[in-house]
Amino acid sequence: MTDSSTRTILLVGVGGQGTILAGNLLAMAATESGLDVKVSEIHGMSQRGGSVSTVIRMGEHVSTMVCDPGMADVIVAFEAVEALRAHHYLAEGGRLFVNDEQITPVSVNIGSFSMPDNVEKRLEAMNATLINAGKIARDLGSPRSTNVVLVGALSTALPFPLDVWEDAIKRRVPPKTIEANLAAFHAGREAAQA
């Protein structure tokens with residue numbers, strides 16, 4: 001924790017990965033647990049696969065949405081290269097959960113930039129918890145619930161009871177996807193604890 005009463009969680013990914021829903025679930029769980037919660041979203045060129053980030057700050061009283069370098073208690077990266085890009089925001093002793101997937105941006109496809117080398121080794125050196133969230137979601141028959149797999153992983157780093165998380169999922173996702181999302185959440189918890 002950055003101080004005695006406030007936690008900062010940073011969610012990073014690319015457009016279309018569901019970081020906003022993940023942030024909503026976290027904010028709902030924190031609010032239900034009696035905390036003051038502030039959420040800030042940056043969409044960038046999200047519709048074209050660009051970077052997306054969501055900052056969730058929670059505590060007894062949250063006065064600012066700022067997430068300076070070295071301030072995030074937890075970072076959840078929905079894509080491996082985004083984890084490298086955001087790592088400097090992680091506080092000493094913070095947790096880094098990473099979807100073990102790389103999405104090649106348009107700038108790399110057209111030859112303007114190249115992908116970084118040794119991404120997985122670099123993440124392992126940062127003590128990241130690597131989770132193959134996409135595969136987990138696909139194996140459950142719910143490929144669109146990759147984000148909820150990552151919320152499940154995140155839940156292992158926060159003190160909220162399971163029923164609070166489950167209730168947030170039930171209230172926030174479409175009714176026909178509740179069971180699939182609950183399964184994804186629990187699978188993400190198991191993967192993070194393994």
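Okay, a definition to start: I call two rings of Phe, Tyr or Trp a pair if their centres lie within 6.5 Å, taking the six-membered ring for Trp. With that rule, this structure holds two aromatic pairs. Take Phe160 and Trp165: the ring centres are 5.8 Å apart and the planes sit at 50°, so this pair is tilted. Tilted is what's left once you set aside stacked, under 30 degrees, and edge-to-face, over 60. And please keep in mind through all of this that we're looking at a predicted model.

Now, are those two rings buried or exposed? Phe160 is buried, at 8% relative accessible area, and Trp165 is buried as well, at 1%. Phe185 comes in here too: ring pairs link Phe160, Trp165 and Phe185 into a cluster.

Let me step back to the overall layout. The chain has 194 residues, and 47% of them count as buried. For secondary structure we get eight helices and six strands. If you walk along the sequence, the order is β-α-β-β-β-α-β-α-α-β-α-α-α-α.

One helix to click on is α6, residues 146-155. How many of its residues are buried? Ten of ten, so α6 is mostly covered. The list takes in polar names as well as nonpolar ones; among the buried residues are Thr146, Asn147, Leu150, Gly152 and Ser155.

Right, on to charges. The salt bridge count comes to five, and I'll go through some of them. Arg171 is a good place to begin. Its bridge to Glu32 has the closest N and O atoms 3.9 Å apart, which falls inside the 4 Å cut-off for a salt bridge. What does that bridge tie together? Arg171 is in helix α7, residues 162-172, while Glu32 is in helix α1, residues 19-32, so the pair connects parts that are 139 residues apart in sequence.

Arg171 has another partner, Asp167, and there the N to O distance is 2.9 Å. These two are four residues apart in α7, about one helical turn. Remember that an α-helix has 3.6 residues a turn, so residues three or four places apart point the same way. Put the two bridges together and you have Glu32, Asp167 and Arg171 linked in a network. As for cover, Arg171 is partly exposed at 47% relative accessible area, and Asp167 is partly exposed too, at 30%.

Then there's a bridge within helix α2, residues 80-86. Glu82 and Arg85 meet there, at 2.9 Å from N to O. They're three residues apart, again about one turn of the helix. Glu82 is the one I'd look at in the viewer: at 6% relative accessible area, this glutamate is buried, since buried means under 20%.

Last stop, the surface. Which residues gather in a patch of negative charge? That would be Asp100, Glu101, Glu120 and Glu124. Glu120 belongs to helix α4, which covers residues 119-125. Its relative accessibility is 39%, so Glu120 counts as partly exposed. A residue needs over 30% and no salt bridge to enter a patch, so 39% clears that bar.

So, to wrap up, there's the ring cluster of Phe160, Trp165 and Phe185, the covered helix α6, the Glu32, Asp167 and Arg171 network, and the negative patch with Glu120 in it. That's what I had.

Note on methods:
Residues numbered from 1 in each chain as written. Predicted model: local features only at pLDDT ≥ 70, side-chain atom pairs only at ≥ 80, totals over all residues. Heavy atoms only, no water. Patch = residues over 30% accessible without salt bridge, like charges linked within 9 Å, V, L, I, M, F, W, Y side chains within 5 Å. Areas by Shrake-Rupley, 256 points an atom, 1.4 Å probe, with all protein chains shown as cover. Salt bridge = Lys/Arg side-chain N within 4 Å of Asp/Glu carboxyl O. Lys, Arg positive; Asp, Glu negative; His and termini not counted. Charge placed at Lys NZ, Arg CZ, Asp CG, Glu CD. Buried < 20%, exposed > 50% of the residue type's maximum accessible area, 1.4 Å probe, protein only.
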